[in-house]
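Here is a friendly walk through one model, written for someone meeting it for the first time. Have a look at the sequence and structure, then read on.

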Number of protein chains: 2
Amino acid sequence: MALKEIKTTEQKITDAARKVFIEKGFDGARMQHIANEAGINKALLHYYFRSKEKLFDAIFYDIFRQFMPKVGIIMSADVPIFDKIRVFVSHYVDMLLNNPFLPAFVLHELSRRPEKILNVIKDTGVNPEVLNNFLKNEAEKGHIVYIEAAHLMVNIIGMCVFPFVGRPIVQGFILGGSSEKYGQFLNERKEKITEFVINALKK
Amino acid sequence: MALKEIKTTEQKITDAARKVFIEKGFDGARMQHIANEAGINKALLHYYFRSKEKLFDAIFYDIFRQFMPKVGIIMSADVPIFDKIRVFVSHYVDMLLNNPFLPAFVLHELSRRPEKILNVIKDTGVNPEVLNNFLKNEAEKGHIVYIEAAHLMVNIIGMCVFPFVGRPIVQGFILGGSSEKYGQFLNERKEKITEFVINALKK
DNA sequence: GTCTATATCGGGATAGAC
DNA sequence: GTCTATCCCGATATAGAC
């Protein structure tokens with residue numbers, strides 16, 4: 001964000017909505033709260049977006065895109081497989097560190113209203129076929145053991161996402177409650193995940 | 001459930017509450033809906049449990065316990081490490097297959113009200129120290145590469161849970177939308193996860 | 001475009017009869 | 001213990017002045 005920027009009212013609203021929705025979820029969010037956060041009043045929300053639902057839709061797509069890993073882009077780079085993985089995990093975990101509450105929000109809203117995904121399937125495509133062929137190829141060359149793209153992707157994303165979406169469990173149970181330990185744990189994740197995945201793929 | 005069982009009203013209520021809360025989340029659930037599901041009326045809900053919040057608390061602990069992996073029990077069995085992992089993943093994924101919407105619910109509610117975890121920290125302890133010592137031991141014997149218990153557990157749980165909590169994404173994007181493919185994918189998970197983890201731990 | 005005031009309704013909670 | 005009827009607040013949404 002630039003320093004002297006002047007936000008339009010619409011931007012103020014969407015910024016506020018984004019924040020409150022992520023924090024509270026659709027059902028838990030209050031229009032009043034969003035208005036306060038934006039420094040305006042409720043009526044204006046409805047002037048710009050006709051309903052809570054429409055306001056939600058207006059922000060959800062962007063949030064979803066942010067959550068969706070940029071698998072395609074990274075995978076198409078012309079670097080060895082292990083480097084691809086390193087780069088992907090590093091980028092993705094960085095995004096999560098900057099938006100720690102994003103995964104819980106996206107996953108919950110999608111679970112509650114799976115239809116929403118239809119509004120959102122556009123250019124967000126992941127195309128596992130490309131990755132699949134690549135993996136097959138690498139396996140034939142003997143660089144890695146064979147694994148289907150879908151399973152590999154779900155494995156990696158699951159490992160990246162869980163510490164965030166399951167923070168209370170990880171911090172409270174696995175790490176004994178300490179918030180410092182949790183921070184430390186997160187810092188180690190990138191490396192640990194990369195290591196783990198690469199080991200799993202080695203012959 | 002036995003065939004001729006006679007449910008007490010309280011059981012009818014908690015069963016209904018469990019179902020509706022898991023489906024809709026706390027904020028999305030309606031007392032009316034729960035009453036309908038239980039075949040009674042709203043007033044009776046308040047007669048048994050004084051408030052929505054208290055009703056929620058009454059069911060949440062059990063659900064949470066179900067979600068928490070029984071790491072301790074399985075890990076204390078006197079079998080080789082790879083068998084432990086096999087058994088754990090198998091048990092845990094089976095539970096998820098039987099309760100596919102449970103993880104999204106638990107993770108969302110805990111994220112929204114992390115204090116709730118205090119009500120729930122009782123005998124659910126996981127004790128990673130035991131597992132940690134075990135892993136250290138196995139590593140020293142040269143059976144596996146060393147890995148911290150916390151990271152291993154988070155890795156495994158993340159891989160198990162993500163296909164469920166992220167169903168719309170997995171099915172919609174990674175698998176192209178087909179619900180058959182998704183079912184097939186789930187069936188493969190147990191084996192794929194076990195394989196992946198064991199490979200990652202091998203020297 | 002932005003505000004205040006208000007309509008409208010849904011949903012949690014209670015009163016009270018049976 | 002279980003029901004019907006009702007209270008009452010909070011939240012979305014709209015009307016209308018400026």
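## The surface near DNA strand C

Sort the surface near DNA strand C by residue class and you get eight nonpolar, four polar and three charged residues. In this scheme Ala, Val, Leu, Ile, Met, Phe, Trp, Tyr, Cys and Pro count as nonpolar, Asp, Glu, Lys and Arg as charged, and the others, Gly among them, as polar. Keep in mind that this is a predicted model, where local features need pLDDT of at least 70, side-chain atom pairs count only at pLDDT 80 or more, and totals for chains, interfaces and linings use all residues. Side-chain values use heavy atoms, with hydrogens and water left out; residues are numbered from 1 along each chain as its sequence is written, while chains are lettered from A and ligands numbered from 1 in the order in which they are written.

Around DNA strand C there are 15 residues, the closest being A:T9, A:N41, A:Y48, B:R30 and B:K52. Of the strand C atoms that come within 4 Å of the protein, sugar and phosphate account for 61%. "Near" here means that one of a residue's heavy atoms lies within 4 Å of the molecule or strand.

## Holding on to strand C

Which atom of DNA strand C does the side chain of A:Y48 approach at 2.6 Å? A phosphate oxygen, which sits that far from a side-chain N or O atom of A:Y48. A:T9 also has a polar side-chain atom 2.9 Å from a phosphate oxygen of the strand, and for B:H46 the side-chain N or O atom is 3.1 Å from a phosphate oxygen. A polar contact is a pair of N or O atoms within 3.5 Å; within protein, one must be able to donate a hydrogen and the other to accept it, and residues adjacent in sequence count only if both atoms are side-chain atoms.

Two elements give two or more residues to this surface: α3 (42-48) of chain A and α3 (42-48) of chain B. The largest share, four residues, comes from α3(A). Helices (H or I, at least four residues) and strands (E, at least two) are DSSP runs, numbered from the N terminus.

## Over to strand D

DNA strand D is surrounded by 15 residues, and the closest are A:K42, A:K52, B:T9, B:N41 and B:Y48. Sugar and phosphate make up 59% of the strand D atoms that come within 4 Å of the protein. By class, the surface near DNA strand D has eight nonpolar, four polar and three charged residues.

B:Y48 puts a polar side-chain atom 2.6 Å from a phosphate oxygen of DNA strand D. From chain A, a polar backbone atom of A:K52 is 2.8 Å from a phosphate oxygen, and a side-chain N or O atom of A:H46 is 3.1 Å from one. For this strand, it is α3(B) that gives the most to the surface, with four residues.

## Chain A as a whole

Chain A has twelve helices and zero strands. Its C-alpha atoms fill a box of roughly 65 × 40 × 40 Å along the principal axes. Of its 203 residues, 51% count as buried, meaning under 20% relative accessible area (exposed is over 50%, partly exposed in between; 1.4 Å probe, protein chains only).

## A word on the cysteines

How many disulfides are there over all chains? The count comes to zero, where a disulfide is a pair of cysteine sulfur atoms within 2.5 Å. A:C160 forms none because its sulfur is 16 Å from the closest cysteine sulfur, in B:C160, too far for a bond. At 2% relative accessibility, A:C160 counts as buried, and B:C160 is buried at 2% too.
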